[in-house]
Amino acid sequence: MKILITGGAGYIGATIASACIEAGITPVILDDLSTGKPEHLTGRIAYRGDIADGDVVDRIFAEHADLYAVIHCAARIVVPESVADPIDYYLSNVADTIHLLGHLQRNGATRVVLSSSASVYAAEDGSGVSEAGLLAPSSPYARSKAIIETVLEDAAAAGTLRALSLRYFNTIGVDPQLRTGPTSDTPSHVLGVLTRAWASRQPFTITGTEWSTRDGSGLRDFIHVWDLARAHVRAVERFDLVATPERPHVALNIGTGRGTTVRELVAMFNDVVGGGVDVQEGPPRPGDSAGAYALVGPANDALGWQAELSVSQGIRDALAWWRLSTGPAS
């Protein structure tokens, strides 16, 4: 089996590519390298280009006529950045995806797995959310994912394609074999910020402490990126069993089924490193929400998959990558 991965030089896309290789699936990667790392493409079939560029997409399909499915990971993902520059986010995430879908349709590609986000949910109180939960995305980034899902649902209803939208919250950790990892030197996700605070011996700021969660800090379903990558592999392997002609677009929550607050994450981090991170409190960032965790029964059943790696393992793996990339804290 051979699949196309857009954004396959990025943190999540490159890890999915590694998981595909381990499962005997050949990934073909399309990435413009605006945020992805060239070294993530070493030894892999790769094309440098924009997902909206019809010429490069046509060339990929001309040279790989046996592509079975497309995993669409390419996107801009920083929530505060999307609040500051929503038009650019809608152009990059929504408009470019629509162009991509047109190119896929022209080339006869009918199976799409979307790397979506559980930030599409209302996520108001830190509770569990099912796929039937209220959709109320709170940032332009989250709304861009919701819009793309709507486009896929409409295209599926028209018979153009079939699609699986995999919704997940916060990804942590790296490929356990340290082949790929985060692509930003200053990651905005909470574990990256926490690691930088520890390394620089600066306090870590909890942004928002009055949410309606068990300790007032935001709550997330922190899933190890390797578990997430395996879920995408299973989505490809079981695609025709899940996205059927009768139900051509299916959204599935991908998570651990457990919520962890930011305060709890800090405590786990300190356990792993032996202490050393002081905490200060600050206001929520633009686009923040209380959060939620994924109810994952449908994904477990449909994909024959479940998360296996712990939050602490994700922290240890992320620190191993950080040490490999930058050296130990001084």
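**Reading a predicted chain, feature by feature**

User: Where does Leu 33 lie?

Analyst: Leu 33 lies in the loop between strand 2 (26–31) and strand 3 (45–48). Keep in mind that this is a predicted model.

User: What is the phi of Leu 33, and how should I read it?

Analyst: Most residues other than glycine have a negative phi. Leu 33 has a positive one, near 60°, and is not a glycine.

User: Is Leu 33 buried or exposed?

Analyst: Buried means under 20% relative accessible area. Leu 33 counts as buried because its relative accessibility is 17%.

User: Where is Arg 201, and what is its phi?

Analyst: Arg 201 sits in the loop that runs between helix 6 (190–200) and strand 9 (204–207). Its phi is positive, about 60°, although Arg 201 is not a glycine.

User: Is Arg 201 buried or exposed?

Analyst: Exposed means over 50% relative accessible area. Arg 201 has a relative accessibility of 66%, so it counts as exposed. The two loop residues can be set side by side: Leu 33 is buried, whereas Arg 201 is exposed.

User: Now the whole chain. How many helices and strands are there?

Analyst: The chain holds 11 helices and 15 strands.

User: How does the radius of gyration of the chain agree with that of a compact globule?

Analyst: The idea is to set the value against what the number of residues would give. For 330 residues, a compact globule would have a radius of gyration near 20 Å; the chain has 19 Å, which agrees. As for its extent, the C-alpha trace spans about 55 × 40 × 40 Å along its principal axes.

User: What part of the residues counts as buried, and what is the accessible surface?

Analyst: Of the 330 residues, 54% count as buried. The accessible surface comes to about 13600 Å², and 51% of that area belongs to carbon and sulfur atoms.

User: What do the contacts say about residues apart in sequence?

Analyst: Take the contacts between residues at least 6 apart in sequence. Of these, 79% join residues at least 24 apart.

User: How many charges does the chain have, and how far apart are their mean positions?

Analyst: There are 26 positive and 37 negative charges, and their mean positions are 4 Å apart.

User: Which residues of the largest nonpolar core touch the most other members?

Analyst: A nonpolar core is read as a set of buried nonpolar residues joined through their side chains. The largest one here has 38 residues, and those touching the most other members are Ile 3, Ile 5, Ile 16, Ile 71 and Ile 254. Several elements each supply at least two residues of this core, among them strand 1 (2–6), helix 1 (11–22), strand 4 (67–72) and helix 10 (297–303). Helix 7 gives the most, with eight residues. A second, separate core has 25 residues, including Leu 4, Tyr 47, Leu 114 and Leu 161.

User: Take one of the core residues. Where is Ile 16 found, and what does it touch?

Analyst: Ile 16 is found in helix 1. With a relative accessible area of 0%, Ile 16 is buried. Leaving aside neighbours within four places in sequence, Ile 16 is in contact with Ile 5, Ile 71, Cys 73, Ala 229 and His 232. Distance along the chain and distance in space are separate readings: Ile 16 and Tyr 168 are 152 residues apart in sequence and 14 Å apart in space, C-alpha to C-alpha.

User: What does Ile 5 touch?

Analyst: Ile 5 lies in strand 1 and counts as buried at 0% relative accessibility. Not counting residues up to four places away in sequence, Ile 5 touches several residues, including Gly 13, Ile 16, Ala 17, Val 28 and Ile 71. The C-alpha atoms of Ile 5 and Arg 220 are separated by 26 Å, with their positions 215 residues apart along the chain.

User: Which helix holds Asn 270, and which holds Asp 154?

Analyst: Asn 270 lies in helix 9 (residues 262–273), and Asp 154 is found in helix 5 (residues 140–157).

User: Are these two buried or exposed?

Analyst: Asn 270 counts as buried, at 17% relative accessibility. Asp 154 counts as exposed, at 51%. Apart from neighbours within four places in sequence, Asn 270 is in contact with Gly 275, Gly 276 and Val 277. The C-alpha atoms of Asp 154 and His 99 are separated by 15 Å, and the two residues are 55 apart along the chain.

Key: Residues are numbered from 1 along each chain as its sequence is written. This is a predicted model: local features need pLDDT of at least 70, side-chain atom pairs count only at pLDDT 80 or more; totals for chains, interfaces and linings use all residues. Side-chain values use heavy atoms; hydrogens and water are left out. Helices (H or I, at least four residues) and strands (E, at least two) are DSSP runs, numbered from the N terminus. The radius of gyration is taken over C-alpha atoms; the globule rule is 2.2 Å times the number of residues to the power 0.38. Buried means under 20% relative accessible area, exposed over 50%, partly exposed in between (1.4 Å probe, protein chains only). Contact means heavy atoms within 4.5 Å. Accessible areas come from the Shrake-Rupley method with a 1.4 Å probe; for residues, only the protein chains shown count as cover. Lys and Arg count as positive and Asp and Glu as negative; His and the chain ends are not counted. The place of a charge is taken as NZ of Lys, CZ of Arg, CG of Asp or CD of Glu. A nonpolar core is a set of buried Ala, Val, Leu, Ile, Met, Phe, Trp, Tyr and Cys residues joined through side-chain atoms within 4.5 Å.
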